[in-house]
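Q: I'm new to this structure and would love a close look at a single part of it. Could you take me through the open sheet and what lies around it?

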Amino acid sequence: MTSARPTSTAPPAGAARPTGTTPPAGTVRPTDGARPARPAARPHGQWAVDGRTPLNANEEMKAAGNGLDVRQRIEQVYAHRGFDSIDDADLHGRFRWWGLYTQRKPGIDGGRTATLEQHEIEDRYFMLRVRVDGGALTTEQLRTIGRISTELARGTADITDRHNIQLHWIRIEDVPEIWRRLEAVGLSTTEACGDVPRVILGSPVAGIAADEIIDPSWAIGEIVRRYLGDPELANLPRKYKTAITGHPSQDVVHEINDVAFVGMVHPELGPGFDLWVGGGLSVAPRLGERLGAFVTEEQVPQVWLAVTELFRDYGYRRLRNKARMKFLLADWGPQRLRQVLQDEFLGYPLPDGPPAPQPTRSGDHVGVHEQKDGRFYVGAAPYVGRVSGAALLAVADLAESVGSRRLRLTPYQKLLVLDVPAEHVPTVVAGLREHGLEAEPSIFRRSTIACTGLEFCKLAIVETKATAVTAIDTLEERLGDLGDLTPIGLHINGCPNSCARIQTADIGLKGQLVQDENGAQVPGYQVHLGGGLASPDREEPGLGRTVRGLKVTVDGVPEYVERVVRRYVADRVAGPAGPESFAVWAHRADEEALQ
């Protein structure tokens, strides 16, 4: 992702301390001006205020050894001696720094998730997360992942909603060989999990879209090149998610990332990025906020580093459930956070800038679209990201058969084949369909996503992938008479943590145990309705609403979705631009209509 882009990001003369430095242990920053004062109550565990004494077991683990250092032990010890030789702090802590989690042991139902100890619920196999920064893959890279899947992961492969491909059934003995193969083609699992900068979401159509405002590829590549695996950034308070797009569809769910750069045109300074911080979902959802600052392309890597260092030094570490950037933003507010960012970490002010305009079209990029060079890209939907090693190999061969060498992943569990000549588009559409990826999907196949769920995830309470597939197939059959429906997002999550973004879906299902009609506890979901991020139909992002007692069993999902969609169609109000969206209706409808 390198190009002849300008690389100088030096601040003006007289700037404050350079970025990339870490305050000494015990440092307490001055509290004059906009700088936050030491808390009067219990310390939050902020390095810059309270010093570095660990205040919980997780912080103690990180202080005892950098998570990145565990790779040497995996390669030299654990891969040779096997699963039973793995140190507990490495297995349940530092392995995450290299994209490794133990997966769920088969046969344990969701009702036991909260009652079992970790060693009782985990298997001796791993989920391995391959990070794909910017979602950009070559056919060689996709083929490598496909071969690893078929040879070492029992054929498993899931495209996630964060530009990763996850493999399962990985043995510790095979991890060094997997790393060797991935790194030989420019891929890695470095910092794919853990309290680190995670994979960078980038526009799936970066550099190819005719209507692109600014290409983020150089900035994404520079951040990865300079800072991926940097020990100075490998001990953050919690996970740290980044999104960068220069496309007017705003196709990287920027509102729910810790830091995001959204392409726009400044009236005086030209194309650049609007800076957002503090988004995140899970059990305490909060949408990110603009800092009102304009960032040039050349500044993006430095500003990213400055925001990251601010989070590292001022983020809350005492309580894990309060350690994301969103909690710091909630306490400080955007004005104070921007001031500290500029004064202490950048050393110069950023110019003010207006917000990016409302998105112009869907950001999932499904279907056939012309590129700026006259060729086409084809966006296709697997069933909720579930593919296979064999399918990945077939897609790589298909792309190369029509002269393409490039593919992209999207934050919606979709895959794009780029650079397709016009005469070969039908071949690609048909070939993708043959291998389980649909470029002309129904509205529900297009707009449904699901997390890993009970099959592999140790936190899950209910199954998700199979539930989603059943729901899609059933709804395609039952709602086929509603030909004028636009996509209605159905997001299915196996626990409260919202990996599938339930609070920002039209219909979000949060996995939990519910009572069936006979009063028995069974797997099911709490229902969230009317959430969404900025889109052509929605100027502002918003979280979904819940209705007291509105829950549905796993088996009842298709019936409930059919019922609520038909009620929407019956009640929706027409406007100058067409019928109101599902989300608008869901927020104004009375509770009876949503049951």
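A: Before we look at how a helix lies across strands, one term helps: contact here means heavy atoms within 4.5 Å. Please also keep in mind that this is a predicted model.

Let's start with the sheet itself. It is an open one, formed by 5 strands in the order β6-β7-β8-β9-β10, and the pairing is mixed. At its edges stand β6 (197-202) and β10 (289-295); each has a single partner strand, so one side of each is left without a neighbour in the sheet. From one strand to the next, the twist averages 25 degrees.

Now move to the edge at β6. Strands of a sheet pair through backbone hydrogen bonds, either parallel or antiparallel. For β6 and strand β7 (residues 240-245) the sense is parallel, and the pairing runs over 4 bridges. You can find one spot in this pairing by looking for G202, whose bridge partner in β7 is I244.

At the other edge, look for helix α11 (residues 334-346). This helix lies across β9 (270-277) and β10, and runs at about 35 degrees to β10.

With the sheet in view, here is what you can find elsewhere in the chain. Helix α6 (residues 139-152) and helix α7 (residues 175-184) have axes that come within 10 Å and cross at roughly 160 degrees. Angles over 145 degrees count as roughly antiparallel, and α6 and α7 are therefore roughly antiparallel to each other. Their crossing is right-handed. On the α6 side, the residues that meet α7 are T144, I145, R147, I148, E151 and L152, while α7 brings E177, I178, R181 and L182. Sorted by class, this contact has 5 nonpolar, 1 polar and 4 charged residues.

Another set of strands is worth a visit too. Strand β3 (residues 136-138) pairs with strand β13 (residues 406-409) in the antiparallel sense over 3 bridges, and L137 stands opposite L407 in β13. The strand β13 also pairs with strand β14 (residues 415-420), again antiparallel and over 3 bridges. Here L407 has V417 in β14 as its bridge partner. A hairpin is formed by β13 and β14, with 5 residues between them, and Q413 in the turn has a positive phi of about 65 degrees.

Finally, a search of the whole structure finds 44 salt bridges. In one of them, the side chains of K458 and E122 meet at 3.9 Å, N to O. This pair links distant parts of the chain, 336 residues apart: K458 is in the loop between β15 (448-450) and α15 (465-478), and E122 is in strand β2 (residues 122-131).

Key:
Residues numbered from 1 in each chain as written. Predicted model: local features only at pLDDT ≥ 70, side-chain atom pairs only at ≥ 80, totals over all residues. Heavy atoms only, no water. Axes fitted to C-alpha atoms, helices over the stretch in contact; angles between N-to-C directions. Helix = DSSP H or I, 4+ residues; strand = E, 2+ residues; numbered from the N terminus. Parallel < 35°, antiparallel > 145°, perpendicular 65-115°, else oblique. Left-handed = near helix turned anticlockwise from the far one by under 90°. Nonpolar A, V, L, I, M, F, W, Y, C, P; charged D, E, K, R; others polar. Pairing = 2+ DSSP bridges. Salt bridge = Lys/Arg side-chain N within 4 Å of Asp/Glu carboxyl O.
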